[in-house]
Amino acid sequence: MTPRLNEIWVYLAATPLLGLTATLVAYVFAYRIYERARFSPLANPVMIAVALLVTALTVTGTPYKTYFDGAQFVHFLLGPATVALAVPLYLQLPKLRKHALPLLGGLLVGSLVAAVSAVTIAWALGATRETVLSLAPKSVTIPIAMGVAEKIGGLPSLTAVLVMATGIIGAVSATTLLNLLRIRDYSVRGFATGVAAHGIGTARAFQVSEEAGAFAALGMGMNGVVTAILVPMLATWVPH
Amino acid sequence: MLQTFAILLVFQSVGEVFSFALKLPVPGPVIGMILLFCWLVLDNRLLSVIQGTASDLLRHLSLLFVPAGVGIMVHASRIEGEWMPIVIALVLSTWLAIAATALVTQFLIGKSAREDEPRKASATQEEQP
């Protein structure tokens, strides 16, 4: 019986089917937990699904490459999903026009502060060059951040992990921080959360107020574009 | 749905071509996003065609991050060795970015409001001499 099971496992593990199925099952399960936790930012579904999959792969001794042969079909959809971000961005066009200049000013400063402070702090504390470069695009949504990391010589998969951590840090602390700074305008609060903490911050902003959520989506989209242009230019200054 | 996927992939492909041919620092899908945004601004008839599927795709956006996130297992030793600079850089830079964006945006909105008010006040004065 046991050798038979082994044979089946070896057969299945060699096809892309297993990685793909495991990804979807883990995500559906993680999303259930997120719902149960009433969408608490601490129960982030990506974080839970990743933890489940890493545990499963480690226990079964499956290498990441074997898993990714199947999961790449899900991964591939990040490209068209990035293009699709044009739709929510377009829907914010009237708001974008009304406060265009103040939003642009806040965006440029915020985007620079996010990248420069992360790179400087990590470099000063002795992180390696690859880690420093992987940190630079960490404030923007994953498809853009990974693309930028690849361009500048960072490690895209490490960037993906750092982006997720950034989103969770932002979503958990934004409310307290913005209260301390006495920022009362929901559009400004949401925008800052979206610029600094992308999609996870945006999801959090939507739970607080509709207006904050709309401006967070705007901040996320705009910072994606600005970071994709600015960070590759700034990255040339990171010392070898 | 198939139509929207075809449209999104066409914009992505054109973006990749631009990125590669002009050696741009911006990834292809981002250029595709900018091109689609510009297209929608110029002609929003496309919006009703793609809106449904586009928002379905974005609703499950977090699922698409999972395969890349599992890559943490490849970097476990790196993160273990450099966890202190990584954690401090992430937390401080995220707080600094939220604060900087909020304070600058708030200041500029206030400034443009203050500039508008005296102009309005003087305009009404001129109307009532």
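In what order do the elements of chain A run from the N terminus on? In this predicted model, the answer is a plain one: α-α-α-α-α-α-α-α-α-α-α-α-α. That makes 13 helices and zero strands for chain A. The chain is as compact as a globular protein of its length, because its radius of gyration of 20 Å comes close to the 18 Å that the globule rule gives for 240 residues. Laid along its principal axes, the C-alpha trace of chain A spans about 70 × 45 × 30 Å. Of its 240 residues, 54% count as buried. As for contacts in chain A between residues at least 6 apart in sequence, 63% of them join residues at least 24 apart.

Chain B is built from helices too, with seven of them and zero strands, so to speak a run of α-α-α-α-α-α-α along the sequence. Here 40% of the 129 residues are buried. When contacts in chain B between residues at least 6 apart in sequence are taken together, 27% link residues at least 24 apart.

Now for where the two chains meet. Chain A brings 94 residues to the contact and chain B brings 66. On the chain B side, α1 (2–21), α2 (28–42), α3 (45–59), α4, α5 and α7 (83–127) each supply at least two residues. The largest share, 25 residues, comes from α7(B). Sorted by class, this side of chain B that touches chain A holds 50 nonpolar residues, 14 polar ones and just two charged ones.

Two spots in chain A give a closer look at the meeting of the chains. One is helix α4 of chain A, residues 64–76, which bends by about 55° at A:G70. A:G70 is itself buried, and so are A:Y64, A:Y67, A:F68, A:A71, A:V74 and A:H75 in the same helix. The cover over these buried residues of α4(A) comes from both chains: it includes α2 (17–36), α3 (45–60) and α5 (78–84) of chain A, along with α4 (61–64) and α5 (66–70) of chain B.

The other spot is A:V83, a residue of helix α5 of chain A. Why does A:V83 count as buried? It has 31 C-beta neighbours inside 10 Å, and the cut-off for being buried is 20 or more. Setting aside neighbours within four places in sequence, A:V83 is in contact with B:L8, B:F11, B:Q12, B:P29, B:G32, B:M33 and B:L36. Within chain A, A:V83 and A:A149 sit 66 residues apart along the chain, and their C-alpha atoms are separated by 18 Å.

Notes: Residues numbered from 1 in each chain as written. Chains lettered and ligands numbered in written order. Predicted model: local features only at pLDDT ≥ 70, side-chain atom pairs only at ≥ 80, totals over all residues. Bend = angle between axes of the 7 residues up to and from the residue. Helix = DSSP H or I, 4+ residues; strand = E, 2+ residues; numbered from the N terminus. Buried ≥ 20, exposed ≤ 12 C-beta atoms within 10 Å, placed from the backbone. Contact = placed C-beta atoms within 7 Å. Nonpolar A, V, L, I, M, F, W, Y, C, P; charged D, E, K, R; others polar. Rg over C-alpha atoms; globule rule 2.2 N^0.38 Å.
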